[in-house]
Amino acid sequence: MKPTDREYTVDRTEEEWKAQLSPDEYQVLRQAGTERPFTGEYTDTKTVGVYACRACGSELFASDTKFESHCGWPSFYSPLAGESVEFIEDRSLPGRPRVEVRCASCGSHLGHVFEGEGYDTPTDQRFCINSISMTLRPADQA
């Protein structure tokens, strides 16, 4: 991942992340990868609960902000709290700048946020998040 000047409350070495995460989780969360569309476990999930960072457990998104965008990844129109995620300019695709979304607690890559796509949501934003970046904590198990 691109280094940032930010310090995170959850701070591990890359060796510790590799020991904690599966190779696929590491590739997405720590190397800013992307899982294939329509393959993630939460793409079509309707379970009520809270989505947390798979790397550090910080709460990120509430299920009531999840919507069907048909893009192949879970989509949310707002993070759980403004400070739960951070935004970083992503110029990894030539000529197509994007905004990367990371966990504000550990800096792990979650996905990207897009605006102005015309979805009928309160924020006109689509947080396109990799399923593998999150774990779902069902409300009935809280």
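Six aromatic pairs were counted in this structure, which is a predicted model. In one of them, the ring centres of Tyr42 and Tyr51 lie 5.4 Å apart and the planes meet at 80 degrees, so the pair is edge-to-face; the cut-off for that class is an angle over 60 degrees. Tyr42 has a relative accessible area of 9% and is therefore buried. Tyr51, at 0% relative accessibility, is buried as well. Tyr51 also pairs with Phe76, again edge-to-face, with 5.1 Å from centre to centre and 70 degrees between the planes. This second pair links distant parts of the chain, since Tyr51 belongs to strand β1 and Phe76 to strand β4, 25 residues apart. Phe76 is buried, as is Tyr51. Ring pairs join Tyr42, Tyr51 and Phe76 with Phe61, Phe87 and Phe127 into a cluster.

Strand β1, which carries Tyr51, is part of an open sheet. The sheet has three strands in the order β2-β1-β9, and their pairing is antiparallel. Strands β2 and β9 form the edges; each has a single partner strand, so one side of each is left without a neighbour in the sheet. From one strand to the next, the twist averages 30 degrees. Strands of a sheet pair through backbone hydrogen bonds, in a parallel or an antiparallel sense. Between β1 and β2, which run antiparallel, there are three bridges. Val50 has Ala62 of β2 as its bridge partner. The antiparallel pairing of β1 with β9 extends over five bridges, and here Tyr51 stands opposite Leu136 of β9.

The side chains of β9 alternate along the strand. Met134, Leu136 and Pro138 point to one face and are buried, whereas Thr135 and Arg137 point to the other face and are not buried. Leu136, the residue opposite Tyr51, thus belongs to the buried face of β9. For Arg137, the relative accessibility is 36%, so this residue counts as partly exposed.

Arg137 also takes part in a salt bridge with Glu59, in which the closest N and O atoms are 3.5 Å apart. Glu59 lies in strand β2 (residues 59–62) and Arg137 in strand β9 (residues 134–138), so the salt bridge ties together parts that are 78 residues apart in sequence. The two strands in question are the edges of the sheet. Glu59 has a relative accessible area of 40% and is therefore partly exposed.

In total, the structure holds nine salt bridges. Side chains of opposite charge can pair when their charged atoms come close. Another salt bridge joins Glu68 to Lys46, with 2.5 Å between the closest N and O atoms. This pair, too, links distant parts of the chain: Glu68 sits in the loop between β3 (66–67) and β4 (75–76), and Lys46 in the loop between α2 (23–29) and β1 (49–53), with the two positions 22 residues apart in numbering. With a relative accessible area of 60%, Lys46 is exposed, the cut-off being over 50%. The side chains of Arg91 and Glu89 meet in a further salt bridge, at 3.1 Å from N to O. Both Arg91 and Glu89 are exposed. Finally, a network of salt bridges links Glu25, Glu41 and Arg54.

Conventions
Residues are numbered from 1 along each chain as its sequence is written. Side-chain values use heavy atoms; hydrogens and water are left out. A salt bridge is a side-chain nitrogen of Lys or Arg within 4 Å of a carboxyl oxygen of Asp or Glu. Helices (H or I, at least four residues) and strands (E, at least two) are DSSP runs, numbered from the N terminus. Buried means under 20% relative accessible area, exposed over 50%, partly exposed in between (1.4 Å probe, protein chains only). Two strands pair if DSSP finds at least two bridges between them. Axes are lines fitted to C-alpha atoms, for helices over the stretch in contact, and angles run from 0 to 180 degrees between N-to-C directions. Rings of Phe, Tyr and Trp (its six-membered ring) pair if their centres lie within 6.5 Å; planes under 30 degrees apart count as stacked, over 60 as edge-to-face and the rest as tilted.
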